[in-house]
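Biologist: Hi! Could you walk me through this model while I have it open on my screen?

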Amino acid sequence: MDSLAKFLKIYRFFLDDFYNTLYDLNCTNSNIFGRCAMAVQNQERNYHIIQIMCVMNQLHRLTIHQQEEKLPPGFTISQLATIGFLFYQEDQEVYQRDLESFFKLRRSTVSSLLNTLEKKELLRRVPVPHDARLKRLVLTPKGRDVGTQVQKQFLFLNRLLIQGLTPEEQETFARILDKVEQNLNAKA
């Protein structure tokens, strides 16, 4: 798995946690949460989750509001991440369980997400001949168009993320992301 795929996986995990935390803290918006986070961060400089959450918030804003490669309106980050995943994996057979595993989501969550994308005519569930229970997830032409835009946005964000890092630092960053993912997987 390349560093962009690892980043996307961790990005999705932390984004879900970030918004759950906002909800749990009853914060009305991310600016209030940001002020709370800064207060905690100033007290404890090694509180990495706050820094990660702040980075996730910035990535979310860049993803939604980036003017250079504007994404189509009316999509959630989860929908865009799913389209991006299917776009990157288009040469392989992808099923609902693959999304559940990759993004660490419950079956019901992925099912709802896929229903929405199907209603928006971005993907189709195609039966496979070897197992009547399985449905291959295939992007429609409209879904591939959105996938192209998502890919451009993810590449932009990836370049921005590693901007100024030496090749050695990029390798270290990828190794650290691997370790973070392993730590989170051990608790999931």
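Modeller: Happy to! Let's start with the strands: β1 (residues 123-128) and β2 (residues 131-139) run antiparallel and are joined by six bridges. Two strands pair if DSSP finds at least two bridges between them.

Biologist: Which residue in β2 does L123 stand opposite?

Modeller: L123 stands opposite L139. The connection from β1 to β2 is a hairpin through two residues.

Biologist: Before I go on, what kind of model is this?

Modeller: This is a predicted model, where local features need pLDDT of at least 70 and side-chain atom pairs count only at pLDDT 80 or more, while totals for chains, interfaces and linings use all residues. Residues are numbered from 1 along each chain as its sequence is written, and side-chain values use heavy atoms, with hydrogens and water left out.

Biologist: Good. How many helices and strands does the protein have?

Modeller: Eight helices and two strands. Along the sequence the pattern reads α-α-α-α-α-α-β-β-α-α. Helices (H or I, at least four residues) and strands (E, at least two) are DSSP runs, numbered from the N terminus.

Biologist: Back to β2 for a second. What does R136 touch?

Modeller: R136 lies in strand β2. Leaving out residues up to four places away in sequence, R136 touches E90, Q92, E93, V94, Y95, R124, R125, V126 and V128. Contact means heavy atoms within 4.5 Å. The C-alpha atoms of R136 and R125 are separated by 5.5 Å, with the two residues eleven apart along the chain.

Biologist: And how exposed is R136?

Modeller: R136 has a relative accessible area of 24%, so this residue is partly exposed. Buried means under 20% relative accessible area, exposed over 50%, and partly exposed in between (1.4 Å probe, protein chains only).

Biologist: New topic, the helices. At what angle do α4 and α6 cross?

Modeller: The axes of α4 (residues 77-88) and α6 (residues 107-119) cross at roughly 80 degrees and come within 10 Å. The two helices are therefore roughly perpendicular to each other, a label given to angles of 65 to 115 degrees.

Biologist: Which residues make that contact?

Modeller: On α4 they are S78, Q79, T82 and I83, and on α6 they are L113, L114, T116 and L117. By class, this contact has four nonpolar, four polar and no charged residues. Ala, Val, Leu, Ile, Met, Phe, Trp, Tyr, Cys and Pro count as nonpolar, Asp, Glu, Lys and Arg as charged, and the others, Gly among them, as polar.

Biologist: What about α5, which residues are buried there?

Modeller: In α5 (residues 96-103), the buried ones are Q96, L99, E100, F102 and F103. Just after α5 comes K104, with a positive phi of about 60 degrees.

Biologist: Why would a positive phi catch your eye?

Modeller: Because most residues other than glycine have a negative phi. K104 sits in the loop between α5 and α6 and is partly exposed, at 38% relative accessibility. E121 also has a positive phi of about 60 degrees, although it is not a glycine.

Biologist: Where is E121, and is it buried or exposed?

Modeller: E121 is in the loop between α6 and β1, and counts as exposed at 53% relative accessibility.

Biologist: Last one: what percentage of the protein is buried?

Modeller: Buried residues make up 39% of the 188 residues.

Notes: Axes are lines fitted to C-alpha atoms, for helices over the stretch in contact, and angles run from 0 to 180 degrees between N-to-C directions. Angles under 35 degrees count as roughly parallel, over 145 as roughly antiparallel, 65 to 115 as roughly perpendicular and the rest as oblique.
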